[in-house]
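Work through the exercises below with the model open beside you, and try each task before reading its solution.

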Amino acid sequence: MYCAEKLSRVVQHRNTLLRASNMAARAMTSATSSNRAMIYTDWSNKSEYIELLKGRGLPVVDAANMRAEDWDQVTFATVWKPPAGLLAKCRNLQLVMSLGAGVDTLLAPGQVPEHLPVTRIVDPLMAQRMATWVVWGVINWQRKMEQYASAQRNRRWDQQIEPRSNRDNHEVSVGVMGLGVMGLATARYLQALGYKVSGWSRTSNNHQECQQSGITCYAGHERLEEFVQAQNVLVCLLPLTRE
C-alpha cells in the first residue's frame with residue numbers, strides 16, 4: 001500500500017513536473033550544453049523525480065552532491081524547503097519550481113531573486129489528502145470526538161457529551177478561505193457530504209466553477225466579515241504570502 005501510494009504521488013506530480021521541465025528546457029535553449037537542472041529535497045523517492053527530469057532530456061545534479069563548478073551551471077532548480085542561501089549559489093538560475101503546493105519558503109527574503117519565475121506543483125493527490133483531513137476535522141468537532149476519546153480513556157460512560165438532538169451535516173455551515181486547487185476540492189468534499197459550504201477568495205476568478213458545484217461564494221476584503229460571521233467552522237487554505 002505504501003509503495004503504491006508513493007508511485008501514485010509521483011504519477012500525480014508528473015504532469016506539472018513535465019510542464020516545468022519544458023519551461024526549463026526552453027530556458028536552456030540559449031545556453032550551453034553544460035547547463036544543469038538541480039534538485040533539492042530530503043524525500044525518500046528523490047531518485048524518481050531525477051529520472052523524470054532526465055527523461056525530458058535535462059542533465060540533473062543533486063544538490064547533495066554538487067561540485068564547486070556545478071553551481072554556475074544550474075539554470076533550473078526544483079526544490080522542497082531548501083536551506084537559506086542554497087539558491088543564491090546558483091548565479092545563472094532562470095527558473096525555480098517548488099516540489100510541493102506551498103511556495104512560502106521560496107518567497108522568504110533572500111531565497112529567490114524577485115525577477116525569477118517561481119512555479120509550484122498542482123497535485124490532485126495533495127488536494128485529496130487536504131480535503132479528507134478537513135472533513136475529519138469538521139466531523140471531529142461536530143461529533144465531539146475529543147470528548148468521547150477522553151471519556152473512553154477514562155473508562156467513563158458519559159451520556160451528557162452530546163444531546164439527543166444531534167447537529168446534522170445540513171445544520172453545519174463550513175467556510176473555506178481560499179478557492180484554489182486544494183480549497184475547491186475541500187469545498188466539494190464537504191458539499192457532497194451535505195454540509196452548508198461557502199468559500200471566500202480575494203478575487204472571483206474561480207467562482208463560476210465553485211457556484212456550479214452549489215457552493216456559495218464571497219470575494220474581496222469587503223465581504224470577508226460577512227463570510228466569517230455566517231460560519232460554524234472556518235477552514236483557512238490561503239497561501240502563506242505577503243498578501
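The exercises that follow treat a sheet, a loop residue and a helix.

This is a predicted model, in which local features need pLDDT of at least 70 and side-chain atom pairs count only at pLDDT 80 or more, while totals for chains, interfaces and linings use all residues. Residues are numbered from 1 along each chain as its sequence is written, and side-chain values use heavy atoms, with hydrogens and water left out.

**Exercise 1.** Establish the strand order of the sheet and find its edges.

Solution. Begin with the strands, which are DSSP runs of E with at least two residues, numbered from the N terminus, as are helices (H or I, at least four residues). Two strands pair if DSSP finds at least two bridges between them. On this basis five strands form an open sheet, ordered 2-1-3-4-5, with parallel pairing. Strand 2 (60-62) and strand 5 (118-119) each have a single partner strand, so one side of each lacks a neighbour in the sheet. Next, strand 1 (residues 36-40) is joined to strand 2 by three bridges, and Met 38 has Val 61 of strand 2 as its bridge partner.

**Exercise 2.** Decide whether Gln 73 is buried or exposed, and list what Gln 73 touches.

Solution. First locate Gln 73 in the loop between strand 2 and strand 3. Buried means under 20% relative accessible area, exposed over 50%, and partly exposed in between (1.4 Å probe, protein chains only). Gln 73 has 19% relative accessibility and therefore counts as buried. Finally, leaving aside residues up to four places away in sequence, Gln 73 touches Ser 34, Asn 35 and Arg 36, where contact means heavy atoms within 4.5 Å.

**Exercise 3.** Name buried residues of helix 3 and describe what comes just after this helix.

Solution. Among the buried residues of helix 3 are Leu 125, Val 134 and Val 138. Just after helix 3, Lys 144 takes a positive phi of about 55°.
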